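Me: I am new to this structure and would like a close look at one part of it. Please take the sheet, and then go on to the helix packing and the unusual backbone spots.

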Amino acid sequence: MHFVDAKGILTNSGGHCGMNIYRGCSHGCIYCDSRSKCYQFTHPFEDIEVKQNAPELLEKALKSKRQKCMIGTGSMSDPYMHCEKELELTKRCLDVIRKYEFGVTIITKSDLILRDIDLLDEINQTAKCVVQMTLTTYDDDLCKILEPNVCNTKRRIEVLEEMQKRGIPTVVWLTPILPFINDTEENISAILQECARVGVKGIIDFGMGLTLREGDREYYYDALDKYFPGLKERYIKTYGNAYELPSANAKVLSKYFKTFCKEHGIMSKSDECFEYLGEFPEKYSQLSIFDF
Ligand code: SF4
C-alpha cells in the first residue's frame with residue numbers, strides 16, 4: 001500500500017459522476033479485468049494506491065457543483081477492500097456525500113459495507129443510495145478459489161438482505177460467468193433464487209461469459225493451471241486469444257435468466273439497470289437557496 005495526494009477525485013462521463021478512492025485491489029479475484037495492461041498501472045496491482053486526500057477533494061468538488069447527481073464508486077477497485085477497515089476513506093467520502101445530499105451507488109463484494117449501513121440509510125433517505133453486489137458462484141469451495149480474499153456469496157446475500165431490510169435498494173452483477181467452471185444452470189439458478197428471495201431490484205449480466213485481455217489473461221491462466229489442471233489448454237483451443245469468451249451454455253443460461261427475472265419482477269436489461277442507477281430523484285435535485 002502506498003499513499004498519494006490525488007489532483008482530482010470525481011470523473012464525469014455522460015452526466016454521471018464516478019470516483020475511485022483506491023487503485024488496485026486486494027480481493028484477488030482470478031478473473032479481475034482491472035489488472036489488464038490497458039489501465040496502465042505503474043505499480044503492482046496488490047500494492048494499493050491510496051488517494052489519501054479523497055474526502056477533501058470530494059468536499060471541494062461537491063461544494064461547487066450546481067446540479068446534484070448520483071456518484072458511483074467501485075467499478076475499478078473495491079471500495080471496501082481490507083485497508084478500508086483502518087483507513088475509513090470510503091466512509092469519510094460517504095459522509096461528505098451525505099452532508100451535501102448527493103446520491104451514491106457502490107459496487108462491492110465485501111461485507112465491510114455493513115459498517116456504514118447507517119450512513120447509507122441516511123443518504124437513501126435524503127437522496128438515493130443503491131448497493132450493488134457481484135455474485136458469481138454459489139458453491140462456497142469454488143467461490144473461495146475464484147474470489148479468495150473476500151466473503152463468499154452466501155455472506156454477500158446476507159448483506160443484500162440487510163440493505164433491503166433498511167429500505168436500501170440493491171442491484172446484483174451476475175458476471176463474469178466462467179466457461180467450464182461456474183456456467184451451470186444449477187449455479188445460476190441458486191443465485192437467482194436468492195436474489196428473488198431478498199428482493200433485489202435489478203440484475204446485470206453480460207451475456208454469460210468472461211472477457212480476458214493482456215495482463216488479466218496471464219493471471220487467470222496461472223490460476224487455471226493451479227486449480228483446474230488442463231483447463232487452460234481447453235480455453236486456448238476453444239477461444240484462442242479472443243477478448244470475449246462466451247460460455248457454451250450462454251443461450252440456455254441467458255434464456256433462463258431472462259425468464260426468471262420476468263417472472264419475479266426483477267429488472268434484467270442492463271440499459272434499464274444503468275438508467276436506474278444513474279437517475280437522481282427529481283424531488284431532491286433542486287438545490288436550496290442555502291447552497292448558493
Ligand atoms: S473485487 Fe473487483 S477489482 Fe477487486 S480483485 Fe475482484 S474483480 Fe478485481
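Reply: What follows starts with the confidence of the model, then takes the sheet, two helix pairs and two backbone details.

This is a predicted model. The average pLDDT of the protein is 94, and 96% of the residues score at least 70. Residues 288-292 are a stretch where pLDDT stays under 50. For residues 288-292 the model has three contacts beyond four places in sequence.

Now the sheet. It is open and has seven strands, with mixed pairing. Read across, the order is S2-S3-S6-S7-S8-S9-S10. The edges are taken by strand S2 (10-13) and strand S10 (202-204). Each of these two has a single partner strand, so one side of each is left without a neighbour in the sheet. From one strand to the next, the twist averages 25 degrees.

The part of the sheet around S3 can be followed residue by residue. Strand S3 covers residues 16-19. S3 pairs with S2 in the antiparallel sense, over four bridges. Strand S3 is also joined to strand S6 (residues 70-73), here by three bridges, and S3 and S6 run parallel. Cys17 of S3 takes part in both pairings: Asn12 stands opposite Cys17, and Cys17 stands opposite Ile71 in S6. Further along, Met19 has Thr73 in S6 as its bridge partner. As a general point, side chains in a regular strand alternate between the two faces of the sheet.

Next come the helices. Two packed helices are described by the angle between their axes and the distance between the axes. For helix H1 (residues 54-63) and helix H3 (residues 89-100), the angle is about 15 degrees and the axes are 9 Å apart. Angles under 35 degrees count as roughly parallel, so H1 is roughly parallel to H3. The crossing of H1 and H3 is right-handed. On the H1 side, the contact is made by Ala54, Pro55, Glu56, Leu58, Glu59, Leu62 and Lys63. On the H3 side, the residues are Leu89, Arg92, Cys93, Val96, Ile97, Lys99 and Tyr100. Sorted by class, the contact of H1 with H3 has nine nonpolar and five charged residues, and no polar ones.

A second pair is formed by helix H6 (residues 153-165) and helix H7 (residues 185-198), which pack at an angle of about 20 degrees with their axes 9 Å apart. H6 and H7 are therefore roughly parallel to each other, and their crossing is right-handed. In H6, the residues of the contact are Ile157, Leu160, Glu161 and Gln164, which meet Glu194, Arg197 and Val198 in H7. By class, the contact of H6 with H7 has three nonpolar, one polar and three charged residues.

Two backbone details remain. Most residues other than glycine have a negative phi, and most peptide bonds are trans. Glu88 is not a glycine, yet has a positive phi of about 55 degrees. Glu88 lies in the loop between helix H2 (84-87) and H3. The other detail is the peptide bond from Thr175 to Pro176, which is cis, with omega near 0 degrees. Pro176 is in the loop between strand S9 (170-173) and H7. That loop thus has on one side a strand of the sheet and on the other a helix of the second pair.

Terms used. Residues numbered from 1 in each chain as written. Predicted model: local features only at pLDDT ≥ 70, side-chain atom pairs only at ≥ 80, totals over all residues. Heavy atoms only, no water. pLDDT = per-residue confidence, 0-100. Contact = heavy atoms within 4.5 Å. Pairing = 2+ DSSP bridges. Axes fitted to C-alpha atoms, helices over the stretch in contact; angles between N-to-C directions. Parallel < 35°, antiparallel > 145°, perpendicular 65-115°, else oblique. Left-handed = near helix turned anticlockwise from the far one by under 90°. Nonpolar A, V, L, I, M, F, W, Y, C, P; charged D, E, K, R; others polar.
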